[in-house]
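Here is a relaxed walk through one protein chain. Have a look at it first, and then we can go through its parts together.

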Amino acid sequence: MSISDYVGRTVDVLAYTGGTAAGERRLSMALATAGDSGQICTGIQKLAQRFLIELLTEQGTMIYLPLRGCGFMREARLGMWRSPLDVMSAFSAALLDIKENLQLEEASTDPDDERFFDAELVAVTLDGSEASVTIRITSLAGTSRKFIAPLKITV
């Protein structure tokens, strides 16, 4: 994206770095990396980040926003993921809460590429103590972006 893509738009601090426009890459959680003082995002990347934050937030852990988040990470933390099917089931259940939370915070004046329409769990890999999920996010504009979220879990 260029600077002109940000004109007249709201931005968010980029919390998950390493994403690219094409291909698959593992994302890293970092507000700033060596050599820069942080980055900002907008558009579908901002939506993907909002989605990921909801997915990784356990519902009930935010004192003043007890309905934010979902049960996805709680199931991971409790060791309920024994197979990819378990992860898919947890994701499907979490998607209901995530969709409601994201759509409740959106305004009709927000750009369509930052408004949530749907998400799909494309692939799951369980490897020892790590899980990798590939998720496709679709915005109200119909644009989608696939991203891989690294999740360290105890299996």
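A residue counts as buried when its relative accessible area is under 20%, as exposed when it is over 50%, and as partly exposed in between, with a 1.4 Å probe and protein chains only. By that rule, buried residues make up 38% of the 155 residues in the chain. Keep in mind that this is a predicted model, where local features need pLDDT of at least 70, side-chain atom pairs count only at pLDDT 80 or more, and totals for chains, interfaces and linings use all residues. Residues are numbered from 1 along each chain as its sequence is written, and side-chain values use heavy atoms, with hydrogens and water left out.

**The overall layout**

Helices (H or I, at least four residues) and strands (E, at least two) are DSSP runs, numbered from the N terminus. This chain has three helices and seven strands, and along the sequence they come in the pattern β-β-β-β-α-α-α-β-β-β. A contact means heavy atoms within 4.5 Å. Of the contacts in the chain with a separation of 6 or more, 54% are between residues 24 or more positions apart.

**Two helices by the ruler**

The expected span of a helix is 1.5 Å times one less than its number of residues. Here is how that works out for α1 and α3:

| Helix | Residues | Expected span | End-to-end C-alpha distance |
|---|---|---|---|
| α1 | 14 residues | 20 Å | 20 Å |
| α3 | 22 residues | 32 Å | 31 Å |

Helix α1 is mostly covered, with 11 of its 14 residues buried. Among them are Gly43, Ile44, Leu47, Phe51 and Leu55, but also Lys46, Arg50 and Glu54.

Helix α3 runs over residues 84-105. It bends by about 30° at alanine 94, where the bend is the angle between axes fitted to the seven residues ending there and the seven starting there.

Which residues of α3 are buried? They are Val87, Ala90, Phe91, Ala94, Leu95, Ile98, Asn101 and Leu102. An α-helix has 3.6 residues a turn, so residues three or four places apart point the same way. What covers the buried residues of α3 includes α1 (43-56), α2 (72-77), β5 (116-127) and β6 (130-139).

**A closer look at three buried residues**

Isoleucine 98 sits in helix α3 and counts as buried because its relative accessibility is 0%. Leaving aside neighbours within four places in sequence, isoleucine 98 is in contact with Phe51, Glu54, Leu55 and Cys70. Its C-alpha atom is 8.0 Å from that of arginine 68, although 30 residues separate the two along the chain.

Asparagine 101 is in α3 too, and with a relative accessible area of 9% it is buried. Not counting residues up to four places away in sequence, asparagine 101 touches Glu54, Leu67, Arg68 and Gly69.

Over in helix α2 there is glutamate 75, which is buried with a relative accessible area of 19%. Beyond its neighbours within four places in sequence, glutamate 75 is in contact with Met80, Trp81 and Ala90.

**Rings that meet**

Rings of Phe, Tyr and Trp (its six-membered ring) pair if their centres lie within 6.5 Å; planes under 30 degrees apart count as stacked, over 60 as edge-to-face and the rest as tilted. How many aromatic pairs does the structure hold? There are four. One of them joins phenylalanine 51 and phenylalanine 91, a tilted pair at 6.2 Å centre to centre with 50° between the planes. Phenylalanine 51 lies in helix α1 and phenylalanine 91 in helix α3, so the pair ties together parts 40 residues apart in sequence.

Phenylalanine 91 also pairs edge-to-face with phenylalanine 72, at 6.3 Å centre to centre and 85° between the planes. Because phenylalanine 72 lies in helix α2, this pair ties α2 to α3 across 19 residues of sequence. Phe51, Phe72, Trp81, Phe91 and Phe116 form one aromatic cluster.

**The core**

A nonpolar core is a set of buried Ala, Val, Leu, Ile, Met, Phe, Trp, Tyr and Cys residues joined through side-chain atoms within 4.5 Å. The largest one here has 28 residues, and those with the most contacts inside it are Phe51, Leu55, Phe72, Phe91 and Ile135. The elements giving two or more residues to this core are α1, α2, α3, β5 and β6. Helix α3 gives the most, with seven residues.
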